[in-house]
Amino acid sequence: MAGQNKIRVEICGSRYVVSSNESPEYVKRLVNTIENKVKTIMDSGPSVTLNDAYFLALLSYADLYEKSELNADHIRSQLTEYLEDSTKAKLEVDEYRRENEKLKREIDILRQNIGRDH
């Protein structure tokens with residue numbers, strides 16, 4: 001596959017080769033984040049195994065992902081509402097401008113008629 005990077009990484013002593021379209025720097029940043037999370041979990045108690053820490057880290061990131069998706073959906077919904085409101089407001093402004101121009105023309109006609117009468 002074109003664009004695939006094979007990146008060698010290590011998490012808590014285990015070595016992996018990751019195949020990704022992302023840059024090696026990005027993948028290594030992710031690995032570093034995971035490793036820090038796993039180490040923090042393992043440091044939380046003497047009975048926490050590496051598998052426990054991996055599972056809890058995975059659960060934590062799955063929770064963050066779900067909440068991020070919900071937040072993104074909420075933001076998309078708000079943006080849709082704002083765009084609808086903006087479109088409605090623009091239509092109202094256009095309507096008011098047309099009405100304003102019509103009234104200006106009527107005023108001009110009235111002024112011209114007043115000028116003829118005097």
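## A charged network in helix α2

Being three residues apart in helix α2, aspartate 94 and arginine 97 are separated by about one helical turn. In this predicted model, the side chains of these two residues meet in a salt bridge, with an N to O distance of 3.9 Å. Aspartate 94 also takes part in a salt bridge with lysine 90, where the closest N and O atoms are 3.4 Å apart. Lysine 90 and aspartate 94 both belong to helix α2 and are four residues apart, about one turn of the helix. Lys90, Asp94 and Arg97 are thus linked in a network of salt bridges.

The members of this network can be described by their accessibility. Lysine 90 has a relative accessible area of 53% and is exposed, because the limit for that class is over 50%. Arginine 97 is likewise exposed, at 56%. Aspartate 94 counts as partly exposed, with 23% relative accessibility. The structure as a whole holds seven salt bridges.

## A nonpolar patch on the surface

Helix α2 covers residues 50-117, and leucine 56 lies in this helix. Together with Phe55 and Leu59, Leu56 forms a nonpolar patch on the surface, and the accessible area of the three residues together is about 290 Å². Leucine 56 itself has a relative accessible area of 39% and is partly exposed.

## The two sides of helix α1

Helix α1 comprises 20 residues, from 24 to 43. At 1.5 Å a residue, this helix should span 28 Å, and its end C-alpha atoms are 28 Å apart, so the expected span and the distance in the model agree. The buried residues of α1 include Val27, Val31, Glu35, Val38 and Ile41. They cover an arc of only 125 degrees around the axis, which puts them on the same side of α1. The face turned away from this buried side carries the exposed residues Glu25, Arg29, Thr40 and Asp43.

A salt bridge also occurs within this helix. Lysine 39 is joined to glutamate 35, and their closest N and O atoms are 3.7 Å apart. The two residues are four residues apart in helix α1 and are therefore separated by about one helical turn. Glutamate 35 has a relative accessible area of 17% and counts as buried, because the limit for that class is under 20%. Lysine 39, by contrast, is partly exposed, at 40%.

## The hairpin of β1 and β2

Strand β1 (residues 5-11) and strand β2 (residues 14-20) run antiparallel and are joined by seven bridges. Arginine 8 stands opposite valine 17 in β2. The hairpin has two residues between the strands, and cysteine 12 is placed in this loop.

Most residues other than glycine have a negative phi. Cysteine 12 has a phi near 50 degrees, a positive value in a residue other than glycine. With a relative accessible area of 22%, cysteine 12 is partly exposed.

## From the hairpin to helix α1

Asparagine 32 is located in helix α1. Although asparagine 32 and isoleucine 11 are 21 residues apart along the chain, their C-alpha atoms are separated by 7.8 Å. Asparagine 32 is partly exposed, with a relative accessible area of 41%.

How values were computed
Residues are numbered from 1 along each chain as its sequence is written. This is a predicted model: local features need pLDDT of at least 70, side-chain atom pairs count only at pLDDT 80 or more; totals for chains, interfaces and linings use all residues. Side-chain values use heavy atoms; hydrogens and water are left out. Patches are made of residues with over 30% relative accessible area and no salt bridge: like charges are joined within 9 Å, nonpolar side chains (Val, Leu, Ile, Met, Phe, Trp, Tyr) within 5 Å. Accessible areas come from the Shrake-Rupley method with a 1.4 Å probe; for residues, only the protein chains shown count as cover. A salt bridge is a side-chain nitrogen of Lys or Arg within 4 Å of a carboxyl oxygen of Asp or Glu. Buried means under 20% relative accessible area, exposed over 50%, partly exposed in between (1.4 Å probe, protein chains only). Two strands pair if DSSP finds at least two bridges between them. The expected span of a helix is 1.5 Å times one less than its number of residues. The arc is that of the directions from the helix axis to the C-beta atoms.
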